[in-house]
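Subject: Structure for you to look at

Hello,

Here is the structure I promised. Please open it and keep it beside this email as you read.

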Amino acid sequence: MRKKIVAGNWKMNTLPAEGVELAKSVAAGRGEVCECVNFIVCPPFTHLSQVVEALKGSTIAVGAQNCAAEAKGAYTGEVAASMIAALGCEYVILGHSERRQYYGETSETLNKKMVQAYANGLKPIYCVGESLEERKAGKHFDVCKAQIEEVVFNLSEEQFKDLVIAYEPVWAIGTGETATAEQAQEIHAYIREVLASKFGAAAAECPILYGGSCKPSNAAEIFAKEDVDGGLIGGAALKAEDFLAIGKGF
Ligand code: PGA
C-alpha cells in the first residue's frame with residue numbers, strides 16, 4: 001500500500017502569525033479527514049520553527065521548500081538541510097519548477113541538495129514537470145524522464161524508499177488550468193515505469209503526487225487514478241478549509 005499524501009506548498013506566503021494560525025486550523029480540522037491521508041505543510045523558512053511547535057502532538061508533518069546545496073559555510077542567504085532538520089522538519093521540497101525557472105536550479109545543483117537532504121534525515125519531495133511548450137511539442141515524457149534519470153537515479157535503494165515525487169506540469173501551476181485526471185494518470189504511470197527501470201519493485205511503493213491548480217473540486221477525480229497518490233497543493237493550501245477538503249478527495 002502506497003502512502004497517500006496531501007502536501008501544502010505555501011510558497012512565499014503568510015507572515016509568521018498567519019502561518020501558525022493556518023497550521024492550527026489544519027490541525028483542528030484534521031479529524032474530519034481519513035487517518036490514511038498523510039498531511040504535510042511547507043511554510044517559509046522564517047516560521048518553520050513556530051509551525052513545528054504549533055503542530056506538536058498532531059499527525060501533520062512539516063517540510064521546507066528548499067535547502068542549500070552545501071553543508072555549511074560561507075553561503076550568504078542559504079539555509080542548510082541540517083538547520084531545517086534541527087527544527088524538527090521531516091520533509092524538503094526539491095526541484096520545484098519555480099526554483100528551476102527563477103533560480104536556475106539544474107540537475108547538478110539538485111543532486112547536491114539531495115545529498116544534503118538525505119545526510120540530514122530529510123525526506124525529499126522531488127518535483128518534475130514540463131512547460132507548456134514542451135507539452136505542446138509532445139516532449140513531456142522525455143522531460144520528466146530526464147529530470148528523474150539525472151537526479152533520482154543517483155539515489156541508493158535505501159534512499160529511494162524515503163522519496164516522494166511530485167509531478168507538476170508548469171502550465172498548470174497557479175494558472176487555474178489543471179491536467180485532466182487522464183493526463184495525470186498517463187504520466188504518473190510513465191514516471192513509475194521509469195522508476196521501476198532502476199529500482200524495480202520498490203517503484204510500486206513510491207508516492208507520486210499531482211500538483212498544479214489542484215483544488216477541492218477536482219482533487220477526488222485526480223486522486224481516484226491508480227498512479228496518483230495525492231497532491232502537492234499551492235494556492236488551495238493557504239485556506240485550511242480547502243486544504244482539508246482536498247484530503248477528503250481520497
Ligand atoms: P498551485 O501550485 O496549486 O497554486 O497551482 C502548486 C505548486 O506549485 O506546488
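Start with cysteine 34 and cysteine 36: their sulfur atoms sit 2.2 Å apart, and the two residues form a disulfide. Keep in mind that this is a predicted model. A search of the whole structure turns up 1 disulfide. The torsion about its S-S bond is about 140 degrees, so the disulfide is right-handed. Cysteine 34 is partly exposed, at 39% relative accessibility. Cysteine 36 is partly exposed too, at 34%.

Now two other cysteines. Why is cysteine 89 not bonded to cysteine 42? The sulfur of cysteine 42 is the closest cysteine sulfur to that of cysteine 89, but the gap is 8.4 Å. A disulfide needs the sulfur atoms within 2.5 Å, so 8.4 Å is too far for a bond. Cysteine 89 is buried, with a relative accessible area of 8%. Cysteine 214 is in no disulfide either; its nearest cysteine sulfur belongs to cysteine 127, 14 Å away. Cysteine 214 counts as buried, at 4% relative accessibility.

Next, the ligand. Which residues are closest to it? They are Lys11, His96, Glu168, Gly174 and Ser213, out of 13 that surround the ligand. By class, this shell has 4 nonpolar, 7 polar and 2 charged residues.

Three contacts to check:
- Lysine 11: a polar side-chain atom lies 2.8 Å from a ligand oxygen.
- Glutamate 168: a side-chain N or O atom is 2.7 Å from a ligand oxygen.
- Glycine 174: a polar backbone atom is 2.7 Å from a ligand oxygen.

Taken alone, the ligand exposes 280 Å², and the protein buries 95% of that.

Best wishes

Notes. Residues numbered from 1 in each chain as written. Predicted model: local features only at pLDDT ≥ 70, side-chain atom pairs only at ≥ 80, totals over all residues. Heavy atoms only, no water. Near = heavy atom within 4 Å. Polar contact = N/O pair within 3.5 Å; in protein donor to acceptor, adjacent residues only side chain to side chain. Areas by Shrake-Rupley, 256 points an atom, 1.4 Å probe, with all protein chains shown as cover. Nonpolar A, V, L, I, M, F, W, Y, C, P; charged D, E, K, R; others polar. Buried < 20%, exposed > 50% of the residue type's maximum accessible area, 1.4 Å probe, protein only.
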